[in-house]
Amino acid sequence: MKNMLTGSTLALTAMLGMSATAQTTINGAGASFPAPVYQNWTYTYSQSKPGVTVNYQSVGSGAGINQIKAKTVDFAGSDNPLKLEDQEKNNLQQFPMLTGGVVVIVNVPGVKSNQLKLDNETMSGIYLGKITNWNDAKIKALNPGLKLPDLNISVVRRADSSGTSFIFTNYLSKISKEWADKVGFGSSVKWPVGIGGQKNPGVCNNVARIRGSIGYTEYTYAIEANLAMVQLQNKEGQFVTPDAKSFSAAAANADWSNAPGFYMVLTYQPGNNSWPITGVTYILIRKDTDAAMRKAMIDYFNWCFTAGATAALKMHYVPIPENVVKVVRDKVFK
Amino acid sequence: MFKVDTAFKWLCLGCAGIIGVLMMGFFIQLFMSSMEIWNEFGLGFIVSSEWNPVTNKYGALPSIIGTLSTTVIALIIALPLAFCAALFIVDARPQMGNILGQAVDLLAAIPSVIYGMWGLFVLAPIMQDYIQPFMVDKLRMDKLPWVSDEFNGFGILTAGLILSIMILPYICAIMRDVFQMTPAMLKESAYGAGCTRWETTKDIVLKYGIRGILGGVFVGLGRALGETMAVLFVIGNMMGMPDNIFSGATTISATLAGNFPEADGMQRSALFALGLILLAMSFAIQVFAQYYLHATSAKRGEAR
């Protein structure tokens, strides 16, 4: 299919007599968590680099992994890291691209962004279905200054399997033993309660529509939808607000040199300012891609690490630190 | 000349045959792809309510219950509406009947994803703010076992309501056709014998058109069973057993649409098994409908 496309593009450019250089099209698919940045990058890169077109479809981490295994795409994005043995079994290479935060959003009348505080017990209690009303004594005790209405809590979560859910349920498993025992973590789990929304925008939509709802989504989506975010408790017991600063505080802890195959989960990291639901998003490439395509992709990813970093920061994602980029270049790109 | 005839005969046979082969192919394909599930859980898959991707345990019951309950609600709402609308359109003055008939038909032309968007942005908030509070606070329906006082606008009732609007034009169109075929002579005789309009409708039109009404029910049933997009938006996509008509649930088609892109291994097999169940349900309804209509046609004195 891809060859056919490239072929027809070639034929078309030759026919129009516009350019004689070969057109390279790099196709990627996967995680929707970093999709806002990836789409910005692919557009900017394709504009600035004549002859190369990069596409990224936000289809979800699991779908991206399936597609790269089936060789239907050239690279995949995933928030759900693959262990080293999985990568080797499927002839894949994985490296980190960005760090970002998953935030908790609420639609409670009278509650503005970053006003509401939820600690580990109330967060897990709500998602376990044990705390069902916003005027619950435990929530009130944490928020003495807020007027919380007598309103049912409607839990919203992802209906599809997703890397965002992986990060979020991983966080819940770390803060609540009951969650870890009853539900566990994964890109889709058996949710005790909650309405399912399709992808990040679906969750935002449902939270915006339902009074008394609570949901989780990637930070950029929450900002775009203008939804009220919640302060959460981190490993040090501090309440933190979600922003690029608290995401990078969590990311600073990561010890990449001791992570085989770059397998790393960044939830519930130590540090006074660390945001507890921070996640890494990865790129997967095949080892058996032909050399020309591999070179084009590595050029692109190198551009993402350097020139792309500014755009990522603007969109509230944290680029991978310089020293980690060097490890990626040494181990994967070489 | 003879050759052309023979060729044409074989062509037609081939075309007719393809349909049968395709149908068989669907069943076989779905069955093959879901083998893993049938091997692992057997028929217990159908009655199990567990759906846990973490432990790889799957069951179809929540999806089946969700499919059936939304369909039943849709039919309960749509049938009387379609029946009355069809009666009126048939008996109304021609211009008016035409306009109203066209309007009902237009409902069928709206793509289902538009119904879904409308459901999410308009109907769900209306349900949460007005209809569900009215049912609970004013009608005190939460005393009934299948209604709860917890609601958020999503769920089985909302999905059933959207479905009812979607199947209404199909049911109505079939009913109209049948009512129109009631011989004028019969109706005139009834009026002549001193029957009121209601009596004529009840005893003549309804008796004569029972086949059409049942036909309409089955067409509506078939359509409601498989509807995906509109339901996906408002059902709530909860993989658990619903306790009441306000609770979120999922239907077979919504489960398929929501999970297929990401599924692999056992989960993928479970989704194929759900597809097989849905196909079997639709197939059974069609077969039953044909059989029932055939068996009862003699009693209604129709020539077959």
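How many nonpolar, polar and charged residues does the lining of the largest cavity have? The structure examined here is a predicted model, and its empty spaces are described in turn, beginning with those that are enclosed. Searching the whole structure yields four cavities of 30 Å³ or more, and the largest cavity holds about 50 Å³ of space. Its lining is made by Asp79(A), Pro81(A), Phe166(A), Ile167(A), Met264(A), Val265(A), Leu266(A), Thr267(A), Thr278(A), Gly279(A), Val280(A) and Tyr282(A). Two elements of chain A, helix H7 (163–175) and strand S12 (278–286), give two or more residues to this lining, and the largest share, four residues, comes from S12(A). When sorted by class, the lining of the largest cavity has eight nonpolar, three polar and one charged residues.

Pockets were considered next. The largest pocket contains about 940 Å³ of space, and, of the 46 residues that line it, Pro192(A), Val193(A), Gly194(A), Ile195(A) and Met238(B) are the closest to its centre. At least two residues of the lining are supplied by each of helix H5 (120–128) and strand S6 (154–158) of chain A, and likewise by helix H12 (252–259) of chain B; the largest share, four residues, comes from H12(B). The lining of the largest pocket divides into 22 nonpolar, 19 polar and five charged residues.

For the second largest pocket, the volume amounts to about 700 Å³. The lining of this pocket comprises 28 residues, and those nearest its centre are Asn80(A), Gly186(A), Ser187(A), Pro53(B) and Asp264(B). Helix H3 (61–69) and helix H4 (84–89) of chain A, together with helix H13 (266–297) of chain B, are the elements that give two or more residues to the lining, with H3(A) giving the most, five residues. By class, eleven residues of the lining of the second largest pocket are nonpolar, eleven are polar and six are charged.

Attention then turned to the outer surface. A nonpolar surface patch of about 880 Å² is formed by Ile110(B), Val113(B), Ile114(B), Met117(B), Trp118(B), Phe121(B), Val122(B), Ile126(B), Tyr130(B), Ile131(B) and Met229(B). The most is given to this patch by helix H6 (residues 112–138) of chain B, which provides nine residues. Val122(B), one of the residues of the patch, lies in helix H6 of chain B; this residue counts as partly exposed because its relative accessibility is 33%, and the partly exposed class lies between the limits of 20% and 50%.

Note on methods: Residues are numbered from 1 along each chain as its sequence is written. Chains are lettered from A and ligands numbered from 1 in the order in which they are written. This is a predicted model: local features need pLDDT of at least 70, side-chain atom pairs count only at pLDDT 80 or more; totals for chains, interfaces and linings use all residues. Side-chain values use heavy atoms; hydrogens and water are left out. On a 1 Å grid over the protein atoms alone, a cavity is a set of points where a 1.4 Å probe fits but cannot get out, and a pocket is an open set with protein on both sides within 12 Å along at least five of seven lines; lining residues have an atom within 4 Å of a point. Grid points are joined across faces, edges and corners, and a volume is the space filled by probe spheres set on the points. Ala, Val, Leu, Ile, Met, Phe, Trp, Tyr, Cys and Pro count as nonpolar, Asp, Glu, Lys and Arg as charged, and the others, Gly among them, as polar. Patches are made of residues with over 30% relative accessible area and no salt bridge: like charges are joined within 9 Å, nonpolar side chains (Val, Leu, Ile, Met, Phe, Trp, Tyr) within 5 Å. Accessible areas come from the Shrake-Rupley method with a 1.4 Å probe; for residues, only the protein chains shown count as cover. A salt bridge is a side-chain nitrogen of Lys or Arg within 4 Å of a carboxyl oxygen of Asp or Glu. Buried means under 20% relative accessible area, exposed over 50%, partly exposed in between (1.4 Å probe, protein chains only).
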